[in-house]
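Good morning, and thank you for making time for this item on the agenda. I would ask you to keep the sequence and the structure in view while I speak.

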Amino acid sequence: MTGRSNGRRAGGPGPERTNEPEPAGPPAERSAPAGGRAARAVTEGWRRADRAAGGLALDLGLYALSTAFAAVTARTSTLTPHRAWAALAVWGYAAATVAVLGQLAVRRFGPTRAGPARFSPARFGRARHRPVTGVRAGLTAMPGARAGLTALAWAATTLLPLLVQAVQRAGGRPDRAQEEVLVVEQAGQRLVETGTPYLDRAAIAALPEPERLLGYFPYQPGMALFGLPRATFGEHWWTDARPWFALATLAAVAAALAIAGGRLGPLVRAGQAVTVLPLCALTLATGGDDLPVLALCLLALALAGRGRWGWAGVAVGAAGALKLFAWPVALVLAVHALTHGPAAARRFVGWAAALPAAALVPALLVDLGAAAENVLRFPLGQGLVTSPAQSPLPGHLIATGVPGGRAIAAALLVVAGLAIAAGLARRPPRTAAAATLVCAYGLFTAMLLLPSTRFGYLLYPVAFAAWAPALGAYRITVGEAEPAATAYT
């Protein structure tokens with residue numbers, strides 16, 4: 001039965017009645033503590049904002065603010081690839097802003113089933129209170145139109161600048177890529193020649209001092225696969241690592257959106273968070289190594305929501321074979337899988353652990369010291385050079401501005417990790433949406449406290465937070481706010 005119960009079981013007595021007065025307020029607010037009510041208020045506020053004008057209100061804010069960000073970046077950034085991206089992306093964002101304004105105008109003043117619209121001041125005052133139907137609804141509020149605009153905006157603000165920079169770089173402009181692109185491509189060359197993407201400490205020390213930073217490869221061995229096209233076919237625009245980052249990202253995001261299913265509106269917002277949001281667009285066009293990792297993690301969460309635990313393990317395992325940032329996501333998903341039984345956990349953990357191990361073990365066998373120098377010592381600040389990831393976030397400020405600050409920042413990071421682990425043990429996430437939110441606030445905390453970090457890493461928690469509504473609706477239970485189970489969880 002899908003109807004609501006009236007409180008009386010069939011064939012049995014009704015609920016016991018008392019003479020006590022009913023407490024004031026809605027039932028959810030009476031049962032939930034202050035923290036639950038605050039979570040409900042935040043969730044409902046976001047939902048109302050997200051649905052305003054059929055989703056177009058937030059679209060307008062996204063594209064308008066992105067236009068401003070690109071304009072400022074084009075004039076003020078000290079990084080040449082960033083300025084080159086912004087000089088092109090600003091026009092794509094501006095065009096998307098104009099397109100949304102047009103959709104809003106048609107939504108308010110456009111034709112309806114009753115015939116063409118006639119503007120009048122009186123109608124202008126009433127338009128915002130009248131439901132939008134007919135042609136106007138089809139032209140403006142339909143999520144499919146918003147999805148199409150998102151795809152066009154991504155092509156204009158990400159793919160076009162990426163391809164232009166790749167072509168210019170192949171034509172002799174070395175300033176058209178960030179260092180991580182060169183690092184990945186050189187790692188692919190070493191993988192072909194030596195069987196490991198890593199240089200040992202002595203080999204890095206032998207490099208000219210300005211080149212020592214590029215000698216480090218602080219990723220998992222799987223990331224070197226994106227450097228194989230250039231190592232195999234030479235220097236062409238299409239052997240640049242970034243087009244391959246983009247292809248992997250597009251495939252994983254498209255699969256995640258298709259598997260997540262549900263209403264198109266939340267899916268459009270989720271897609272925007274990982275495509276046209278400047279954090280992601282700028283990163284993919286100029287560097288790109290974080291986007292395949294993020295996209296594979298989102299695919300794993302979508303697969304977990306469908307109960308496809310083996311494939312979820314494959315997806316997050318592939319991400320973990322690229323970068324360590326995926327490992328906390330794998331841990332959260334393992335706890336989530338346990339809530340669905342030991343068999344689900346075994347299927348997930350088997351693949352989630354096997355793929356990173358299969359990528360790392362050969363490199364360890366070839367040169368254990370080189371792998372440790374790149375994967376452990378360099379990120380922990382013990383390499384021959386320091387990491388360029390030095391954005392002024394709390395962890396970095398503590399590490400550099402306080403005596404013994406690096407140890408203090410590391411201790412804070414450990415304490416935060418233990419607190420999150422305790423929360424997982426006490427209230428494990430029972431839905432994919434809940435697991436996504438844990439990943440969001442967990443990685444946000446880590447980005448704030450890491451001694452070596454950068455603002456660009458915030459794309460992970462931002463994208464996870466934006467994807468949670470696409471993976472489930474929210475409800476308040478007694479004592480907590482948790483996403484409600486959907487038809488596929």
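I begin with V167, which is placed in helix α7. Please bear in mind throughout that this is a predicted model. Is V167 buried or exposed, or does it fall in between? With a relative accessible area of 45%, V167 counts as partly exposed. It belongs to a nonpolar patch on the surface, together with L163, F233, W237, W238, W244 and L247. The accessible area of these residues together is about 680 Å². Helix α7, which spans 143–170, supplies at least two residues of the patch, and so does α12, at 241–260.

Helix α7 also holds T150, and here the setting changes. T150 has a relative accessible area of 9% and is therefore buried, since the limit for that class is under 20%. Which residues does T150 touch, not counting those up to four places away in sequence? They are Y63, V268, Q272, T275 and V276.

A third residue of helix α7 brings us to the charged groups. The side chains of E185 and R169 meet in a salt bridge, at 2.6 Å from N to O. This pair links distant parts of the chain, with E185 in helix α8 (residues 179–194) and R169 in helix α7, 16 residues apart. Both E185 and R169 are buried. R169 has a second partner in D240, and their side chains meet in a salt bridge of 2.9 Å, N to O. D240 sits in the loop between α11 (228–233) and α12, so that 71 residues separate it from R169 in sequence. For R169 the relative accessible area is 13%, and for D240 it is 0%. Through shared partners, salt bridges join R169, E185, R230, D240 and R242 into one network.

How many salt bridges are counted altogether? The count comes to 12. A further one brings the side chains of R269 and D59 together at 2.5 Å, N to O. Here, too, distant parts of the chain are linked: R269 is in helix α13 (residues 264–274) and D59 is in helix α3 (residues 56–76), 210 residues apart. Both partners are buried, R269 with a relative accessible area of 9% and D59 at 2%.

Allow me to turn to L284, in helix α14, residues 278–286. L284 is buried, with a relative accessible area of 2%. Leaving aside neighbours within four places in sequence, L284 is in contact with W154, T158, L162, R242, F245, A246, T249 and L291. Among these contacts is R242, a member of the salt-bridge network just described. The contact with L162 deserves a second look. L284 and L162 are 122 residues apart in sequence, and their C-alpha atoms are 7.4 Å apart in space.

That observation leads to the chain as a whole. Of the contacts between residues at least 6 apart in sequence, 73% join residues at least 24 apart. The chain contains 23 helices and 2 strands. Buried residues account for 45% of its 489 residues. About 23,600 Å² is exposed, and carbon and sulfur atoms supply 66% of that area.

What of the interior? The largest nonpolar core has 100 residues, and those with the most contacts inside it are L294 and F464. Helix α15, residues 290–305, gives the most to this core, with 13 residues. L294 is in contact with V274, C280, L459, Y460, A463 and F464, again leaving aside its neighbours within four places in sequence.

Since C280 appears in that list, I close with the cysteines. How many disulfides are there by the rule applied here? The count is 0. Why does C297, for one, have no such bond? The closest cysteine sulfur, in C439, is 7.5 Å from the sulfur of C297, which is too far for a bond because a disulfide requires the two sulfur atoms to be within 2.5 Å. C297 is buried, at 1% relative accessibility, and C280 is buried as well, at 2%.

To restate the points on helix α7: V167 lies in this helix and contributes to the nonpolar surface patch; T150, also in helix α7, is buried; and R169 forms salt bridges with E185 and D240. Thank you for your attention.

Notes
Residues numbered from 1 in each chain as written. Predicted model: local features only at pLDDT ≥ 70, side-chain atom pairs only at ≥ 80, totals over all residues. Heavy atoms only, no water. Patch = residues over 30% accessible without salt bridge, like charges linked within 9 Å, V, L, I, M, F, W, Y side chains within 5 Å. Areas by Shrake-Rupley, 256 points an atom, 1.4 Å probe, with all protein chains shown as cover. Salt bridge = Lys/Arg side-chain N within 4 Å of Asp/Glu carboxyl O. Helix = DSSP H or I, 4+ residues; strand = E, 2+ residues; numbered from the N terminus. Buried < 20%, exposed > 50% of the residue type's maximum accessible area, 1.4 Å probe, protein only. Contact = heavy atoms within 4.5 Å. Core = buried A, V, L, I, M, F, W, Y, C linked by side-chain atoms within 4.5 Å.
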